[in-house]
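Me: I'd like to learn how to read burial and contacts in a model like this one. Could you walk me through it?

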Amino acid sequence: LFRSARAGVQSLVKSLATEFAPRIRVNSVVLGLIDSGQWERRFQAREDKNQSRKDWIEKLAASKHIPFRRLGEPQEVARAIVFLCSPMASYVTGASLEISGGVSRYI
């Protein structure tokens with residue numbers, strides 16, 4: 001299900017990028033695991049209450065095979081979006097920027 005949804009979104013991005021060029025650039029951001037309130041709630045509900053948040057996240061990242069051994073930070077996503085909206089990305093359209101700490105489950 002997720003693979004087909006991701007492929008559909010990527011196809012839509014490519015189509016819209018072609019249709020709206022050169023006036024409008026269309027790109028997407030594909031996220032991996034990003035530290036958020038969801039992960040804080042899961043940490044609070046952890047079985048081992050003696051485990052630190054840092055250790056808990058490292059274990060989670062290892063179980064998800066994230067090479068950076070951590071979750072992404074919301075600021076990292078924001079910086080990527082700012083880049084895509086900036087003049088520095090003036091020749092970028094139809095792209096999917098993966099922000100996942102090195103986890104690429106799909107090609």
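Reply: Happy to! Let's start with the cut-off: a residue counts as buried when its relative accessible area is under 20%. Keep in mind that this is a predicted model.

Me: Thanks! Is Ser28 buried or exposed?

Reply: Ser28 has 11% relative accessibility, so it counts as buried. This residue lies in strand β1, which spans residues 28-31.

Me: Which residues does Ser28 touch, not counting those up to four places away in sequence?

Reply: With those set aside, Ser28 touches Val13, Leu84, Ala95, Ser96 and Leu97.

Me: And what separates the C-alpha atoms of Gln10 and Ser28?

Reply: A distance of 7.7 Å, although the two residues are 18 residues apart along the chain. Gln10 belongs to helix α1, residues 2-20. Its relative accessibility is 30%, so Gln10 counts as partly exposed.

Me: Now a loop, please. Where is Gln51 found?

Reply: Gln51 sits in the loop between α2 (37-44) and α3 (53-63). At 17% relative accessibility, Gln51 is classed as buried. Its contacts, leaving aside neighbours within four places in sequence, are Phe43, Arg46, Trp56 and Lys59.

Me: One last point, on confidence. Which elements have the lowest and the highest mean pLDDT?

Reply: Among the elements of the protein chain, α1 has the lowest mean pLDDT, 90, and helix α4 (residues 74-85) has the highest, 97. For the protein chain, the mean pLDDT is 93, with 95% of its residues reaching 70 or more.

Notes:
Residues are numbered from 1 along each chain as its sequence is written. This is a predicted model: local features need pLDDT of at least 70, side-chain atom pairs count only at pLDDT 80 or more; totals for chains, interfaces and linings use all residues. Side-chain values use heavy atoms; hydrogens and water are left out. Helices (H or I, at least four residues) and strands (E, at least two) are DSSP runs, numbered from the N terminus. Buried means under 20% relative accessible area, exposed over 50%, partly exposed in between (1.4 Å probe, protein chains only). Contact means heavy atoms within 4.5 Å. pLDDT is the predictor's confidence in each residue, from 0 to 100.
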